[in-house]
Amino acid sequence: MAWVRVRRPPLLQSKLLCLSLLYLLTTLPLALYVSFSDPSRCLPLHLLLLRPARPSPPATPLFEYPRDYGVHKYSLPTPRALCSDPAVFSDYNTVLQEINGVGRNLSARHRAFPALRYQNGRRDSFAGNFSTEERRSFFNHTDSAVEIPCGFFKDFPLAQADRLAMESCRGVVVASAIFNDHDKIRQPKGLGSHTVKAACFFMFIDDRTHRVLASHGILEDGHVASASAVVGAWRVVTLLQQQLPYEDPAMNGVVVKHLLHRLFPNARFSVWVDAKMQLTVDPLLLVHSLLAGKGADMAVSRHPFNLHAMEEAIATARWRKWRDVDAIRAQMEAYCSHGLQPWSPSKLPYPSDVPDTAIIIRRHGSASDLFSCLLFNELEAFNPRDQLAFAYVRDQMSPRVSINMFEVEVLEHISVEYRHNLKRDNGGGGGGAKQGIARMASSRDIAGSSCEGYLMKMWGEPSE
C-alpha cells in the first residue's frame, strides 16, 4: 500500500509569515480609519464654533540642539485620550494687546489689596528658620503694615546684569530651573510671533548643569559667572553652587519656583514650568484663559489621582519621593494638630487638596504673593514637596486666595512631560545628600495620633 504525502504550500510553512499577514490584515483597516477620519469629530459643537485659530509658530526652530544632547528622549505618554481641546483660548492678537496693556487694565479687586511688605535682615537660614507658631502668626494677614517673612534672609547669587534684566520684566515672565543636571533645556512650542519679545523667558541653572551644557556646545565653557547666554527663547542664568542657600538642589529650585514675585518684582504675571515639562501652548494664552479669564489669583492643575493631602503624603513615602519618612509623619502630625482636614464638598470652590505643581500660573498680587511666601516657609521647615503643605496653607490663610484648579486633561493638553535625566548613581529619591538609607513607612497604629480624626474622615469611618 502506497502512502501519499501531502505538503502544505510553502507560503504557509512559516509561522512568522502567517502571523505577520494576520497582523497586517487586522491593523490596516484601523490605520486607514484613523488617517482619513475627521480629527475634530469628537468636539462638541460649541467648542467647534468658539475655538479660535492658534498663533502661527515661528518659521524656524528657536534653537538647534546637537544630536548628542538628546533633548527629545524619554517623553511620557499621555494616559488619557484627548480627542478635543479641554481649554478654549482667545484670539492671539487680542490677548497680546490685553497683556501689553495689563498695567492700565488691572481690576479694582486686585488694586484694593495693598502690596505686601517683607521682612529684611539676616537670619541663620534663607527663610528665617521660624518656629511653627511663628509661621502661623502670619497666616491671618489683616494688617498691611505687618511685614511678612518671605525668604532672602541670606544672599541669592545673582549677577548684577541678571538682576537688572529681571527687574525690567513688567508683563509676563516664564521661568524654569535645572539644578544638578536633573533635566534638559527644552524650548516651548506653539509660541506666537511676538511672544518671545512680549514675555521674559528665564532658565536658572547651577554650575554643574552649566558644565554639562558646555560639554555639548550649548553654552560657552569657562567662568560660569560671566554674562548670561540665550538658548532659544530662554535667557540662561547660571548660579554658583557654593553660593546657593541650600545644599539640596531641590530646595534651591523651590526658591525660584515659589518666590518669582520677589525675583521679578515688577512682573504682573508669571508662568512657572518644571524643567521636566515642555509647553505646547503660548504662555500668553495660558495667562489669559486659565488665570485672567477666570478672575483667579493662581491657576494650577489638580492631581490626577490624589484628592487628600494625606494620600499624597502616603504616596510620597511609598514611592520614596522624600526619604525621611519620619519627617513626613511629623509634618502631617503637625498639620493635623493645627486644623488640617481632608477634602470635602465644604471646601468648594477648591475641587481638591492636592495640585500638580509642574506648571503654576500666577497673578502677582497680595493674595498669591502671600500664599507663595507662607508656602515657601513651610517648605524650608519640612521638605520641598510643595503638594504636602498646599492645602494646609491655602485653607488657613486670610485673605483667601482664588485658585483655578483645572482638570488634569488641560495640563496634558498644554504641555508634554519628560523623564528626568538618567543617573548612574543611586542617589535618586529626593531628600538631599544628608539623608540616610530609605526606609518604608510602618503600619503603625493611628490611635492617639493627631491625624486619627483626619484619617477617619478620609476613610468615611465614624469617629467618636
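**Links, burial and backbone in a predicted model**

Modeller: P349 lies in the loop between α13 and β10 (355–363), where helices (H or I, at least four residues) and strands (E, at least two) are DSSP runs numbered from the N terminus. This is a predicted model in which local features need pLDDT of at least 70 and side-chain atom pairs count only at pLDDT 80 or more, whereas totals for chains, interfaces and linings use all residues. Residues are numbered from 1 along each chain as its sequence is written, and side-chain values use heavy atoms, with hydrogens and water left out.

Biologist: What kind of peptide bond joins L348 and P349, and what is omega there?

Modeller: The bond between L348 and P349 is cis, with omega about 15 degrees. Another cis peptide bond joins S398 to P399, with omega about 5 degrees, and P399 sits in the loop between α15 (386–396) and β11 (403–406).

Biologist: What makes the phi of N180 worth pointing out?

Modeller: Most residues other than glycine have a negative phi. N180 is not a glycine, yet its phi is positive, about 65 degrees, and D181 likewise has a positive phi, near 50 degrees. N180 is found in the loop between β3 and α7 (195–198), and the place of D181 is in that loop too.

Biologist: Why is N180 called partly exposed, and why does D181 get another label?

Modeller: Buried means under 20% relative accessible area, exposed over 50%, and partly exposed in between (1.4 Å probe, protein chains only). N180 has 28% relative accessibility and therefore counts as partly exposed, while D181, at 16%, is buried.

Biologist: How do you know that C150 and C373 form a disulfide?

Modeller: The term stands for a pair of cysteine sulfur atoms within 2.5 Å, and the S to S distance of C150 and C373 is 2.1 Å, so the pair meets the definition. This pair links distant parts of the chain, 223 residues apart, with C150 in the loop between β2 (147–148) and α6 (160–167) and C373 in helix α14 (residues 366–381). Relative accessibility is 0% for C150, which is therefore buried, and C373 is also buried, at 0%.

Biologist: Why is the link of C150 and C373 given the handedness it has?

Modeller: The torsion about its S-S bond is about -80 degrees, so the disulfide is left-handed. The disulfide of C169 and C200, with an S to S distance of 2.3 Å, is left-handed because its torsion is about -120 degrees. C169 lies in the loop between α6 and β3 (172–178) and C200 in strand β4 (residues 199–206), so this pair ties together parts 31 residues apart in sequence.

Biologist: Which handedness has the link of C336 and C451?

Modeller: With 100 degrees about the S-S bond, that link is right-handed, and the sulfur atoms are 2.2 Å apart. C336 lies in helix α13 (residues 325–337), and C451 in the loop between β12 (415–417) and α17 (452–459), so parts 115 residues apart in sequence are tied together. C336, at 9% relative accessibility, counts as buried, and C451 is buried at 4%.

Biologist: Why is helix α11 described as largely enclosed by the rest of the structure?

Modeller: Nine of the nine residues of α11 (residues 283–291) are buried, so the description follows; among them are P283, V287, H288 and S289. At the start of α11, a side-chain oxygen of D282 comes within 2.8 Å of the backbone nitrogen of L284.

Conventions:
A polar contact is a pair of N or O atoms within 3.5 Å; within protein, one must be able to donate a hydrogen and the other to accept it, and residues adjacent in sequence count only if both atoms are side-chain atoms.
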